[in-house]
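I opened this notebook to record what I looked up in one protein chain. The entries run from the whole chain to single residues.

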Amino acid sequence: MNPFEAKYTSEALELLADLEKLMLLLETHPDDASLIQQVFRNLHTLKGNSAMMGFRTITDFTHHLEAIYELVRAGKLKISSAIINITLASLDHLSGLLNGDKQIGDSNKHLHDILTNDIVTILDYSNEGQAVSKGEQLTIVTDDATIYKRKPAIPGIRVPVERLDTMMSLVTELITLQAKLNVLTSEHPQPDLVAAAESLEKISTRIRDNAFSMCMVPVENMVTPFHRMVRDLAAELHKEIDFVTEGTETELDKNIMEGLQDPLMHLLRNSIDHGIEEPALRQQTGKPRHGRIVLKAYCAGAHVYLEIQDDGKGMNIEKIRRTAIKNGLIDESDVISDKELQQLVFVPGFSTADQITETSGRGVGMDVVKRRIADIKGRVSIHSTEHEGTTVIIQLPITLSIIDGLLVKVNGADYVIPLSAVDICHEVSSVQLMNGFAQVMVIDKETIPFINLQEELVGVSAARQSHEIVIVHYGEKKIGLLVDIIAGKFQAVLKPLGRYFNHLDIVSGATILGDGNIALVLDTNKVIAQSLNKKSKAI
């Protein structure tokens, strides 16, 4: 069963359960207009959903049943025991269809024909102006062995978001308590205590993973409204655009999803307005009349990536350079790669649009995109080829609550490096550091530039006999981060630093260690970018 059919079946069974409850209430309150209205509404919803999914048998059968309550609602028919009995029998039959292959077969054809005939008879009586009260002429099947008995199993439940948030809060407290227990176990290594702590850690990890999975939402839920937006804006700008989505079954933390909607809206509007050309111009350049925008989602490692691709005119590098020089962002003598120039579109106020429109051109879109994505611990980059198109890549963490990290010490202070950024760790001697030219050393026959975190975080470097180096990914490159001690792997429950520490860009949050101390969680990309920026200014 595909996900769409599973969701349809779950919702349809909920509607049937609700209808059964309403029918029992209607039996004792046959003149309650609100109950009749609710029964009609539920049947109408079931019919519409079934038609959308292409289940013709269920659609037609529900349509006939719905017609009875349309007449009741209009005052042309009175609720009777015969109508109640036929409706309850029909609900059992629909339940059997939903839990089966949703088609009529040898096992249920006889019952289906009897119920359909009874419903049509009621409708005929009503059209002739006769009342259906006792049902003597109706073959009502109520307790026959052929009636499908409803399965007691519930395929799914709906949980309020507040309860999920409470559960995630409790899970984070459990992880913090687990870290404290690990510290106590290391201080008092009794065999029974060690075994119990290890078992509890395994269970805690499974609870954490299950809690995370419950808070994950398919990207499809966020993308669906964008189809209408692309259609309407394309029509407004007289453009022909095909909007395609791929990998929308990929799941993201609901908190990340909430912060992602506005940035994606900005990017799609930019692709429609700046990227895709008018149909006539596309044909002149040998392109199809219809432009194409693709939103692709996929997982890689501990991250989710979203790509927005268009086959439009791309970015004019020379125009970007002239605008950057005009705005004082670069000098004419600066040697900057095309890739670096393209990233300038994220600078506040930067725009190459010749005219301002209601859609774009004010230079307030792309910087907002970058800031909003940074707020949810993500990164964004842009790659473009003139006359071929543009691709915007957004890298996001799978969750914001708990991360696996590497606990390190630098000048006596505790720091956490996200494990998703780590490639490998090495021990290095002071001799290797002294021989390192321009902070570059050779590790496993590979030349690795490194940053001394003592100098970067504290401002001084204390002499030590040996250090340890953590090799991390920085884009497509590898950079070493020099630390004093690598304490080991650590599950970090991320806590915000508060507004007084908002200026600390290199720190993405804090976590409480098992001994009660605070460790700062480093954003390795920003640590490296800050170090490179300092060096470039010093030259």
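The entries below cover the chain as a whole, the cysteines, two helix pairs and several single residues.

**Entry 1. Ground rules.** I worked on a predicted model, in which local features need pLDDT of at least 70 and side-chain atom pairs count only at pLDDT 80 or more, while totals for chains, interfaces and linings use all residues. Residues are numbered from 1 along each chain as its sequence is written, and side-chain values use heavy atoms, with hydrogens and water left out.

**Entry 2. The whole chain.** I first asked how many helices and strands the chain has. I found 16 helices and 17 strands; these are DSSP runs numbered from the N terminus, with helices being H or I of at least four residues and strands E of at least two.

I then looked up burial. Of the 539 residues in the chain, 42% are buried. Buried means under 20% relative accessible area, exposed over 50%, and partly exposed in between, with a 1.4 Å probe and protein chains only.

For contacts (heavy atoms within 4.5 Å), I noted the separation along the sequence. Among contacts with a separation of 6 or more, 67% join residues 24 or more positions apart.

The exposed area of the chain is about 29,200 Å², and carbon and sulfur atoms supply 53% of this area. I took accessible areas from the Shrake-Rupley method with a 1.4 Å probe; for residues, only the protein chains shown count as cover.

**Entry 3. Cysteines.** I searched the whole structure for disulfides and found zero. The criterion was a pair of cysteine sulfur atoms within 2.5 Å. I also looked up the accessibility of two cysteines. Cys215 counts as buried because its relative accessibility is 4%, whereas Cys425, at 33%, counts as partly exposed.

**Entry 4. Helices α2 and α3.** At what angle do the axes of α2 and α3 cross? I read roughly 155° for helix α2 (residues 33–53) and helix α3 (residues 56–73), whose axes come within 9 Å. The axes are lines fitted to C-alpha atoms, for helices over the stretch in contact, and the angles run from 0 to 180 degrees between N-to-C directions. I therefore recorded α2 as roughly antiparallel to α3, a label for angles over 145 degrees; under 35 counts as roughly parallel, 65 to 115 as roughly perpendicular and the rest as oblique.

The contact includes Ile36, Val39, Phe40 and Leu43 of α2, and Ile58, Thr62, Leu65 and Tyr69 of α3. I noted the crossing of α2 and α3 as left-handed, that is, the near helix is turned anticlockwise from the far one by less than a right angle, clockwise being right-handed.

Within this pair I examined Lys47, which lies in helix α2. Is Lys47 buried or exposed? I entered Lys47 as buried, because its relative accessibility is 17%. Beyond neighbours within four places in sequence, Lys47 is in contact with Thr59, Thr62, His63 and Glu66.

**Entry 5. Helices α6 and α7.** I turned next to helix α6 (residues 161–187) and helix α7 (residues 191–214), which pack at about 160° with axes 10 Å apart. I therefore classed α6 and α7 as roughly antiparallel to each other. Their contact includes Leu164, Met167, Met168 and Val171 of α6, and Ala211, Phe212 and Met214 of α7. The crossing of α6 and α7 is left-handed.

**Entry 6. Positive phi.** I noted that His238 has a positive phi of about 60° although it is not a glycine. His238 sits in the loop between α8 (219–236) and β2 (241–246), and is exposed at 65% relative accessibility.

I noted likewise that His387 is not a glycine and has a positive phi of about 70°. The loop holding His387 runs between β6 (379–385) and β7 (389–397). His387 is exposed, with a relative accessible area of 58%.

**Entry 7. Two leucines.** Where is Leu115 placed? I located Leu115 in helix α5 (residues 109–127), and its relative accessibility of 0% makes it buried. The C-alpha atoms of Leu115 and Phe61 are 9.1 Å apart, with their positions 54 residues apart along the chain. Setting aside neighbours within four places in sequence, Leu115 contacts Phe61, Ile86, Ala89, Ser90 and His93.

I found Leu35 in helix α2, buried with a relative accessible area of 12%. Leu35 touches Leu22, Leu25, Leu26 and His29, not counting residues up to four places away in sequence.
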